[in-house]
Amino acid sequence: MNYHSEFRRSIDQRDDFWREQAQDIDWIEFPKTIWQALDNGHGQWFPDGTLNTSDVALDANIRAGRGQQTALIYDSPVTDTQQRFTYTELRDEVARFAGALRARGVEKGDRVILYMPMIPQAAIAMLACARLGAVHSVVFGGFAAHELAVRIEDAQPKAVITASCGIEVAKVIEYKPLVDKAIEQSSHKPELCVVYQRPQVTATLQDGRDYDWDAITANAEPAEPVPVKSTDPLYVLYTSGTTGKPKGVVRDNGGHAVALKYSMKLVYDATPGDVFWAASDVGWVVGHSYIVYAPLFSGCTTILYEGKPVRTPDAGAFWRVVQDHKVNMLFTAPTAFRAVRKEDPEADQLNRYDVSSLKRIFLAGERLDPPTYEWLKEHTGLPILDHWWQTETGWAICCNPVGIEMMATKPGSATVPSPGFNVQVVDMAGSQIPAGEQGQIAVKLPLPPGCLMTVWGDDKRFQSSYLDPIPGFYSSGDGGYIDDDGYVFIMGRTDDVINVAGHRLSTGEMEEVVASHPAIAECCVVGAHDDMKGQIPIGLVLIKDGATIDQDELEEELVDMVREKIGAIACFRRAIVVDRLPKTRSGKILRRIIRQIADGETYNVPSTIDDPAILEEISEKFGR
Ligand code: COA
Ligand code: AMP
């Protein structure tokens, strides 16, 4: 089997191809229908199949004889803890916690919000929801109370699950007050809140609503997996769009399990027993797919790491984890290795550890810059594999399909489309653009299994965000090109989404926060280049006539507001006061040019610009 024949089969004989992949997971009822079209060109996968995702992840491995194999290793340099769970132990923990939730009224279809640090209870809670057929929605612990409130308002959860605190290097961040504040801000009030008490902080529990995790789990009746339809939602994961309101990406059960199990072979060449480490956070899609679900679907051992690439305690942290747990595949964001490289440019730390178990390093979440690629290649001597994907797709749209055929790598390219993804570079009318020329990267419909079904509670937004922009295609929001050899190069977003240290954020959302300051007349936030984090947001602000405020004071207030409303991870640290913003004659802010000026790039002055002189003023502000 080579890549090209596998790819062609996935497109030309779609149903046969995915029926075969579907045979690789344990169904309660195997689907008769593989794909069913909807009116809008989108479709549903395996609509008449039934399964349970926690059964596929846990019980199926026990049935296959892997009950005593390690399923999950928790490695936490910030608390100096390591803990292992076999498949049987993990299943039992999940079943008991699911039983505890069910005893308090959580049922199939109910939403459950998780606001958790990187502790095993985060994975246990996700799998427990899946066991009940409840829909989890994990909110990254770095988001502020307001962001959590927005998600509670949208998902209308019956329950919230949290821990007493998260630990950021040496900083202990109390979670419960943030949860209380979010519930207070939201008009929807969850019926219950379960709190895992960590030794560092004991959270105060509110009578009648809050429950202690250990207390309710100790004697809980274990829950058996509840059969769900393939198309029933497994989870909602909010991601940044172009507006202030995040989009709830809805993932199904059946397509998700089939696609992720296939991806473990195709993209990562993983087999049962391999130790797979995605150094990310359960709050992101990488954490959902490759810390929790896919490694377990495939009978691997997954690592849940509560630490950073640096400072916990040093730039050797990743290599230490590889050595301690004999990691075979490591997957992280390029920014993590940029941080390591900055502190350990000659990779001296690497020589302190035995990393001979490591077969490959995978990178995604943002563009893999060639210097980071070269540094990793030179110092590890391993295949360094870039792959491109999004919260929406849940697995790689483009990859080096090492499980089928290892292709030559080209720095700057995520290699080739994964089978099932008919990737094309098109203009906004859907016409193909010649090889080597840049355009919109789009996927010809239908999307393969595992991709989003819709936006939670808002089919219209799903249609208008993803399907309407380029008729007949899924619009990725990324621009780039395909070269003569069919290699795909992703050059960056064509919308207002930015990537800060591998975290996807919306400049539109930051603009809403900045604009709410009483002294601000108008503003714009762009993502400027940052050597370590890839991009960081910078605000350009116009002060209202008559408003008297010191510019440094204003900047400080705006920075605090973004931290308070969105969270520290936004890394919004700079607001520059300007007299005017560059606009087209029709009033559209020329964000791309502002970004080019901030990055010191050359730019073309568009003929539609209202007043070209403004560009010089802006350049001066950036010291260009
Ligand atoms: N809970 C609470 N706060 C959090 C948090 C969490 N889970 N994660 C980050 N923060 C806070 C940090 O404490 C920091 O706050 P500060 O401004 O008060 O110092 C802020 O958010 C920015 O954090 P971060 O982006 O992690 O920056 P950093 O300078 O501490 O570390 C890196 C830089 C590169 C080491 C770090 O960003 C990193 O590990 N990146 C990899 C990201 C990744 O894995 N992405 C997953 C997508 S695949
Ligand atoms: P997220 O939804 O958080 O996974 O972010 C998805 C976005 O990250 C994509 O739309 C891209 O802009 C960017 N991205 C992810 N992987 C890559 C990659 N390998 N190369 C370039 N950009 C990437």
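Modeller: A word on UniProt first: its positions are given here in the numbering of this chain, feature names are shortened, and annotations may be inferred rather than shown by experiment. The model itself is predicted.

Colleague: Thanks, that helps. What does UniProt place at residues 3–54?

Modeller: The UniProt record, an unreviewed entry, has "domain: Acetyl-coenzyme A synthetase N-terminal" there. In the model, residues 3–54 are 40% helix and 15% strand, with the end C-alpha atoms 31 Å apart.

Colleague: Which residues does the UniProt annotation "domain: AMP-dependent synthetase/ligase" cover?

Modeller: According to UniProt, again in an unreviewed entry, that feature covers residues 66–445. Over this stretch the chain is 29% helix and 24% strand, and 38 Å separates the end C-alpha atoms. UniProt also lists "domain: AMP-binding enzyme C-terminal" (unreviewed entry) at residues 509–588. Helix makes up 28% of residues 509–588 and strand 30%, with end C-alpha atoms 17 Å apart.

Colleague: Let's turn to the aromatic rings. Why is the pair of Tyr115 and Tyr175 called what it is, stacked, tilted or edge-to-face?

Modeller: The angle decides. Stacked needs planes under 30 degrees apart and edge-to-face needs over 60, with the rest counted as tilted. The planes of Tyr115 and Tyr175 are at 45° and the ring centres are 4.9 Å apart, so this pair is tilted. Tyr115 sits in strand E6 (residues 111–115) and Tyr175 in the loop between strand E10 (171–174) and helix H7 (176–185), so the pair links distant parts of the chain, 60 residues apart. Tyr115 and Tyr175 are both buried.

Colleague: And what makes Tyr268 and Phe362 the kind of pair they are?

Modeller: Here the planes are at 70°, which is over the 60-degree limit, so the pair is edge-to-face. The ring centres of Tyr268 and Phe362 lie 4.8 Å apart, within the 6.5 Å required for a pair. Tyr268 is in the loop between helix H9 (254–266) and strand E16 (275–278), while Phe362 is in strand E19 (residues 360–363), so the pair ties together parts that are 94 residues apart in sequence.

Colleague: How do you know whether Tyr268 is buried or exposed?

Modeller: Buried means under 20% relative accessible area. Tyr268 has 0%, so it counts as buried. Phe362, at 1%, also counts as buried.

Colleague: How many aromatic pairs does a search of the whole structure find?

Modeller: The search finds 35 aromatic pairs. There is also an aromatic cluster whose members include Phe17, Trp18, Trp35, Tyr262 and Trp395.

Colleague: What makes you say that a charge sits over the ring of Tyr487?

Modeller: One part of the test is that NZ of Lys or CZ of Arg lies within 6 Å of the ring centre; the other is an angle within 35 degrees of the ring normal. The charged end of Lys410 is 4.5 Å from the centre of the Tyr487 ring and sits over that ring. Arg14 likewise lies over the face of Trp35, at 4.1 Å from the ring centre.

Colleague: On to the overall layout. Into which domains is the chain divided?

Modeller: There is domain 1 (3–307 + 387–480) and domain 2 (501–621). Their C-alpha centres lie 33 Å apart. Domain 1 brings 17 residues to the contact and domain 2 brings 14 residues. About 1,200 Å² is buried between domain 1 and domain 2, with carbon and sulfur atoms giving 44% of this area. On the domain 1 side, Ser240, Gly244 and Trp284 supply 35% of the area buried against domain 2, more than any other three residues.

Colleague: Why is Ser240 called buried or exposed, whichever applies?

Modeller: At 6% relative accessibility, Ser240 falls under the 20% limit, so it counts as buried. Ser240 is in the loop between strand E14 (233–239) and strand E15 (247–252). Beyond its sequence neighbours within four places, Ser240 is in contact with Val497, Arg504, Leu505, Ser506 and Glu509.

Colleague: And what makes Ser475 buried or exposed?

Modeller: Its relative accessible area is 11%, again under 20%, so Ser475 is buried. Ser475 belongs to strand E25 (residues 473–482). Setting aside neighbours within four places in sequence, Ser475 touches Tyr466, Pro469 and Ile470.

Colleague: Last one: which residues of helix H17 (residues 591–598) are buried?

Modeller: Ile593, Ile594, Gln596, Ile597 and Ala598 are. Their cover includes strand E29 (520–530), strand E30 (534–543) and helix H18 (613–621). Just after H17, Gly600 has a positive phi of about 70°.

Methods
Residues are numbered from 1 along each chain as its sequence is written. Chains are lettered from A and ligands numbered from 1 in the order in which they are written. This is a predicted model: local features need pLDDT of at least 70, side-chain atom pairs count only at pLDDT 80 or more; totals for chains, interfaces and linings use all residues. Side-chain values use heavy atoms; hydrogens and water are left out. Helices (H or I, at least four residues) and strands (E, at least two) are DSSP runs, numbered from the N terminus. Buried means under 20% relative accessible area, exposed over 50%, partly exposed in between (1.4 Å probe, protein chains only). Contact means heavy atoms within 4.5 Å. Rings of Phe, Tyr and Trp (its six-membered ring) pair if their centres lie within 6.5 Å; planes under 30 degrees apart count as stacked, over 60 as edge-to-face and the rest as tilted. Domain bounds come from an automatic or database domain assignment. Buried area is the accessible area (1.4 Å probe) that two parts lose on being put together, summed over both.
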